[in-house]
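This report looks at a pair of helices, at one arginine and at the chain as a whole. Please keep the sequence and the model in view while reading.

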Amino acid sequence: MDFQDNFYTTSVKDTLPKDHWRRNSGFSWQIPYGETSFQFQCRIVKHGITIREHENYFNHPYPMFTRVFLFRKGGAELICRNKRRSLVENRIYILPANMGFQVHYFPRELIYYHLCLNDGYGQSIFEQGDTVQEISSSFVREQLFRAQEQESELFHQAALLSLFAEFLPQRQQQLFRNCQRALEFSALFEYLDSHPLALISLSDLADLYGLSASTLSKRFFRRMGIPLKRFLLERQLRYACELLLYSPRKIAEIAEILGYRDVPYFYRFFKKLTGKTPGDFRKNETMERQP
């Protein structure tokens with residue numbers, strides 16, 4: 001994907017119906033760390049159970065969301081980071097977002113979740129080199145099984161919290177470090193959460209701090225390790241992909257939610273970053289995203 005300068009600032013819409021673009025906030029968890037604490041956020045994008053009598057093979061080069069797999073029956077063979085591994089029954093697997101993978105599913109009953117897992121400032125809890133995490137807790141497994149039998153989302157949240165209680169302690173130091181690093185930009189993250197993403201310019205964000213756009217960009221890069229402009233584009237692209245894959249909204253509606261005045265500008269933005277039109281992306285990825 002090519003993240004060149006491409007904000008199309010003349011193409012965005014000036015106003016939107018109140019709360020039209022807002023997303024489900026999910027649930028959060030305040031985690032003590034020494035004399036302070038940090039926040040962990042989880043949003044369930046999709047969940048379910050897949051029952052298949054036949055084999056499937058899928059390629060996910062740019063997965064936008066973290067996956068949780070639990071095979072009640074059957075299994076799969078996974079290839080990620082040039083390594084091959086077997087996924088077997090009654091083990092819980094966490095596949096980090098942005099970790100490309102290929103998977104060969106055998107006949108199966110598979111419980112799955114697609115999640116956004118972030119710290120309190122919306123940053124992924126995973127680092128670039130992270131790979132598949134495996135958890136064998138029988139308690140967590142039973143919680144996930146039970147959640148699939150219930151109608152309430154509270155059961156799913158409780159099951160995931162039990163999973164995170166197993167998974168997060170080993171990452172506390174990293175998460176705390178990331179939160180401390182992002183604390184300087186809390187106003188920026190709050191602004192991103194409360195405005196349509198395509199309407200936001202570097203100047204808007206710089207005004208929050210009384211800085212020039214150039215100074216803020218340099219400071220953001222030093223602290224966060226990613227250029228601010230690229231960070232904004234990735235965030236906008238991730239939300240666009242989420243709406244295309246997991247909502248029934250028409251492409252014109254998605255463009256409006258993001259803040260674009262004209263659908264063709266949204267097409268140009270999306271195709272420049274992904275190489276596909278929104279329609280082609282939705283069609284191709286929908287065929288492959290289960291689970």
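## A helix pair

In this predicted model, helices α7 and α8 cross in a right-handed sense, which for a crossing signifies that the near helix is turned clockwise from the far one by less than a right angle, anticlockwise being left-handed. The contact (heavy atoms within 4.5 Å) is made by Gln236, Tyr239, Ala240, Leu243 and Leu244 on α7, together with Ile251, Ile254, Ile257 and Leu258 on α8.

The axes of α7 (residues 228-246) and α8 (residues 251-258) come within 10 Å and cross at roughly 150°. That makes the two helices roughly antiparallel, a term used for angles over 145 degrees.

## Arginine 141

Arginine 141 lies in helix α1, which covers residues 138-149. Arginine 141 is buried (under 20% relative accessible area, 1.4 Å probe, protein chains only) and yet has no salt bridge, that is, no side-chain nitrogen of Lys or Arg within 4 Å of a carboxyl oxygen of Asp or Glu. The nearest side chain of opposite charge, that of glutamate 142, is 4.3 Å away.

Leaving aside residues up to four places away in sequence, arginine 141 touches Leu70, Asn90, Ile92 and Ser136.

## The whole chain

The protein chain has ten helices and ten strands, taken as DSSP runs (H or I, at least four residues, for helices; E, at least two, for strands) and numbered from the N terminus. Of its 291 residues, 47% are buried.

## Basis of the values

Residues are numbered from 1 along each chain as its sequence is written, and side-chain values use heavy atoms, without hydrogens or water. Local features need pLDDT of at least 70 and side-chain atom pairs count only at pLDDT 80 or more, whereas totals for chains, interfaces and linings use all residues.

Definitions and conventions
Buried < 20%, exposed > 50% of the residue type's maximum accessible area, 1.4 Å probe, protein only. Lys, Arg positive; Asp, Glu negative; His and termini not counted. Axes fitted to C-alpha atoms, helices over the stretch in contact; angles between N-to-C directions. Parallel < 35°, antiparallel > 145°, perpendicular 65-115°, else oblique.
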